[in-house]
Amino acid sequence: DENGENIKFGFLKLKYLEYLVSRNKESASDTSGEEYETLLAKEIIRVLDSLYEQNEKLHHLFGPFDEKNEASPSSTSQVAKRILEVRTKFKDFINQYSFDTAEVIDLFNQNFIGSALLEEKLMLYAKVGAHLEALNVLVYQMKDHRAAEMYCYRHYKREKTRKGHLNTHQEEKSKDASNSPFLDWLRIYL
């Protein structure tokens, strides 16, 4: 089927882009690193979107995957396994690389998976300091109020530590409290 071919081609593109990113990381002289990293992040999103679409089709045909149910086809478990592998790769990638995060977030939100991969969405928002959006994911989509509070503490500490390393001119400019995750947290609840 066409989606299956898209997934196979997507995995081939992933391998090639991973090679380019790793090769570029080894040779620090190449300036196209962020570009390759952005392309890789976008391809991961496309592959995940195709996998989720295929998973939805299988779910519709056979019901949810259940290891105990022998009627569940092995293709359902293979898709679920591939989704887990690619999601893990994407989370690691988000933490390790400096791709164009805003561009990736736009693509992420345009696809079906934008509503399915909440942890990854949260990680992307946190990476760019979009605290209000990250907290919206935690409070309204994940419904985890305690995690929202912990997010605020963690990012407030990180900002405070980062600001401790600034010179006094930069410190004056960064005293603007409007970017505090705690203020965004309050905005959500008010």
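**Exercise 1. Aromatic pairs**

How many aromatic pairs does a search of the whole structure find? Classify the pair Tyr153 and Phe182, and place both residues in the chain.

*Solution.* The model examined here is a predicted one.

Step 1. The search of the whole structure yields seven aromatic pairs.

Step 2. A pair of aromatic rings is described by the distance of the centres and the angle of the planes. For Tyr153 and Phe182 the ring centres are 5.2 Å apart and the planes stand at 80 degrees. Rings pair if their centres lie within 6.5 Å, and planes over 60 degrees apart count as edge-to-face. The pair Tyr153 and Phe182 is therefore edge-to-face.

Step 3. Tyr153 belongs to helix α7 (residues 145-164) and Phe182 to helix α9, so the pair ties together parts that are 29 residues apart in sequence.

Step 4. Tyr153 has a relative accessible area of 41% and is partly exposed. Phe182, at 21% relative accessibility, also counts as partly exposed, because buried means under 20%.

Step 5. Tyr153 and Phe182 are members of one aromatic cluster, together with Tyr156, Trp185 and Tyr189.

**Exercise 2. The surroundings of Asp184**

Determine whether Asp184 is buried or exposed, and identify the residues that its side chain meets.

*Solution.*

Step 1. Asp184 lies in helix α9, which spans residues 181-189.

Step 2. The relative accessible area of Asp184 is 6%. Buried means under 20%, so Asp184 is buried.

Step 3. Once neighbours within four places in sequence are left aside, Asp184 is in contact with His131, Leu132 and Leu135. For Leu132 there is a further detail: its backbone nitrogen lies 3.4 Å from a polar atom of the Asp184 side chain.

Step 4. The side chain of Asp184 also meets that of Arg187 in a salt bridge, at 2.4 Å from N to O. Both residues lie in helix α9, three residues apart, which is about one turn of the helix.

Step 5. The two partners can be set side by side: Arg187 is partly exposed, with a relative accessible area of 45%, whereas Asp184 is buried.

**Exercise 3. Salt bridges between helices**

State how many salt bridges the structure holds, and describe the bridges formed by Lys13 with Glu43 and by Glu119 with Lys91.

*Solution.*

Step 1. The structure holds nine salt bridges.

Step 2. Lys13 and Glu43 form a salt bridge in which the closest N and O atoms are 3.1 Å apart. This pair links distant parts of the chain, with Lys13 in helix α1 (residues 2-26) and Glu43 in helix α2 (residues 33-62), 30 residues apart.

Step 3. Lys13 is partly exposed at a relative accessible area of 31%, while Glu43 counts as buried at 5% relative accessibility.

Step 4. Glu119 bridges to Lys91, and here the closest N and O atoms are 3.0 Å apart. Glu119 is in helix α5 and Lys91 in helix α3 (residues 74-96), so this bridge ties together parts that are 28 residues apart in sequence.

Step 5. Glu119 is partly exposed, with a relative accessible area of 39%. Lys91 is partly exposed as well, with 23%.

**Exercise 4. Helix α5 and the residue after it**

Which residues in helix α5 are buried, and what is the sign of phi at Gly129, which follows α5?

*Solution.*

Step 1. Helix α5 covers residues 118-128. Its buried residues are Leu118, Glu120, Lys121, Leu122, Leu124, Tyr125 and Ala126.

Step 2. After α5 comes Gly129, whose phi is positive, near 75 degrees.

**Exercise 5. A charge over a ring**

Which residue places its charged end over the ring of Phe11?

*Solution.* The residue is Arg82, whose charged end sits over the Phe11 ring at 4.3 Å from the ring centre.

**Exercise 6. The protein as a whole**

Summarise the secondary structure, the buried share, the contacts and the exposed area of the protein.

*Solution.*

Step 1. The protein has nine helices and zero strands, and from the N terminus on its elements run α-α-α-α-α-α-α-α-α.

Step 2. Of the 190 residues in the protein, 39% are buried.

Step 3. Among contacts with a separation of 6 or more, 64% involve residues 24 or more positions apart.

Step 4. The protein exposes about 11,900 Å², of which carbon and sulfur atoms supply 52%.

Notes
Residues numbered from 1 in each chain as written. Predicted model: local features only at pLDDT ≥ 70, side-chain atom pairs only at ≥ 80, totals over all residues. Heavy atoms only, no water. Helix = DSSP H or I, 4+ residues; strand = E, 2+ residues; numbered from the N terminus. Buried < 20%, exposed > 50% of the residue type's maximum accessible area, 1.4 Å probe, protein only. Polar contact = N/O pair within 3.5 Å; in protein donor to acceptor, adjacent residues only side chain to side chain. Contact = heavy atoms within 4.5 Å. Phe/Tyr/Trp six-rings, centres within 6.5 Å; stacked < 30°, edge-to-face > 60°. Lys NZ or Arg CZ within 6 Å of the ring centre and 35° of its normal. Salt bridge = Lys/Arg side-chain N within 4 Å of Asp/Glu carboxyl O. Areas by Shrake-Rupley, 256 points an atom, 1.4 Å probe, with all protein chains shown as cover.
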